Amino acid sequence: MFRIRKRGNAAVRRRPFEHTCSAHVDSADAGLHFDAALSYGWTIADGAEERILHPDEVTRTLLVEAVRTATERHPVLHVHEAQWSANECLSKKITTDDRLTVTGHVELSLSAATEAQARARYRARERVYLEEAERTARLEVLQERLATPGLGLAWWLDRHAPSKGTAHPKQWTRELIESYEELATALRRDRTAVETEEGALLRARVEEALTLVEEPEAAGRFAYYLGDYMTHVMGRSPSA
């Protein structure tokens, strides 16, 4: 997926340009850049010869800026996609400066150091994502066990079994049961709050839909059938 292929014989297939230069252009990864090999040309507008003293420098500035605008949206390891995007932009003549018209082509590559740093960042991000996914899965299992009727308390007691030689097992059991009840209550309250927010959003959507029905009779029929649907899906009337 991230194999960086060496340049081919692209110069034979593309339009030749008289001038060349190189530059570093931005990527979507902070601090990491593409190496850009640019070939280009320019045409000075009629009557503008005396108004532009350094056309080559102006051309390079316009060309690099156009390439940078395209490449800064791409991760640095996506070098081929960035190059395609940049050359798509360069397929149109650059006329930002009315004194000249710029045309060009770019080839992008990565230095060995940039590629190594980008791959190290990628592996580090993957580790973080995996760790967060595992943590989320554990929390979901914990929530499911705590909310299971007839099993939650037993699982909680088993999970926090007292060490051998506990001086006051009754006190320990009582405190553990109290902690379970507090935690289970908090989880139920949190879940109810989420459901309440979803219900409010649903109600807002329904009210919005009703306002779109101009005829009062049609609005009444819509509300009636919607009520039947809510009762069927949620097991209760939407007004409950």
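Helices in this tour are DSSP runs of H or I with at least four residues, and they are numbered from the N terminus. With that in mind, please note before selecting anything that the structure on screen is a predicted model.

**The whole chain**

Begin with the whole protein in a cartoon view, where seven helices and three strands can be found. Followed from the N terminus on, these elements run in the order α-β-β-α-α-β-α-α-α-α. If you then colour by accessibility, keep in mind that the protein has 240 residues, of which 25% count as buried.

**Helix 6 and its charged patch**

Next, select residues 169–211, which make up helix 6, and pick out glutamate 181 within this helix. Glutamate 181 is partly exposed, because its relative accessible area of 44% falls between the 20% limit for buried and the 50% limit for exposed. Now add Glu175, Glu178 and Glu182 to the selection, and you will see that together with Glu181 they gather on the surface in a patch of negative charge.

**Helix 4, end to end**

Move on to residues 112–147, the 36 residues of helix 4, and take the distance from the first C-alpha to the last, which comes to 53 Å and is close to the 52 Å expected at 1.5 Å a residue. Which residues of helix 4 are buried? They are Thr114, Glu115, Ala118 and Leu146, so selecting these four will show you where this helix is covered, given that buried means under 20% relative accessible area.

**The start of helix 2**

Select residues 55–71 to bring up helix 2, in which proline 55 has its place. Is proline 55 buried or exposed? Proline 55 counts as buried, since its relative accessibility is 16%. If you also select threonine 43, you will find that the two residues are 12 apart in sequence, while their C-alpha atoms are 9.0 Å apart in space.

**Paired charges along helix 2**

Side chains of opposite charge can pair when their charged atoms come close. Such pairs are the next thing to look for, and the structure holds seven salt bridges.

Staying in helix 2, select arginine 60 and aspartate 56, which form a salt bridge whose closest N and O atoms are 2.0 Å apart. Both residues lie in helix 2 and are four residues apart, about one turn of the helix. Arginine 60 is partly exposed at 28% relative accessible area, whereas aspartate 56 counts as buried at 18%.

Further along, select arginine 68 and glutamate 65, where another salt bridge brings the closest N and O atoms to 3.4 Å. These two residues also lie in helix 2, three residues apart, again about one turn of the helix. Arginine 68 is partly exposed with a relative accessible area of 21%, and glutamate 65 counts as partly exposed too, at 42%.

**A further pair, and a network**

For the last stop, select glutamate 88 and lysine 92, whose side chains meet in a salt bridge with an N to O distance of 2.9 Å. Glutamate 88 is partly exposed at 44% relative accessible area, and lysine 92 counts as partly exposed at 47%. Finally, add Asp26 to a selection of Glu65 and Arg68, and you will have the three residues that are joined into one network by salt bridges that share partners.

Notes:
Residues are numbered from 1 along each chain as its sequence is written. This is a predicted model: local features need pLDDT of at least 70, side-chain atom pairs count only at pLDDT 80 or more; totals for chains, interfaces and linings use all residues. Side-chain values use heavy atoms; hydrogens and water are left out. Patches are made of residues with over 30% relative accessible area and no salt bridge: like charges are joined within 9 Å, nonpolar side chains (Val, Leu, Ile, Met, Phe, Trp, Tyr) within 5 Å. Accessible areas come from the Shrake-Rupley method with a 1.4 Å probe; for residues, only the protein chains shown count as cover. A salt bridge is a side-chain nitrogen of Lys or Arg within 4 Å of a carboxyl oxygen of Asp or Glu. Lys and Arg count as positive and Asp and Glu as negative; His and the chain ends are not counted. The place of a charge is taken as NZ of Lys, CZ of Arg, CG of Asp or CD of Glu. Buried means under 20% relative accessible area, exposed over 50%, partly exposed in between (1.4 Å probe, protein chains only). The expected span of a helix is 1.5 Å times one less than its number of residues.
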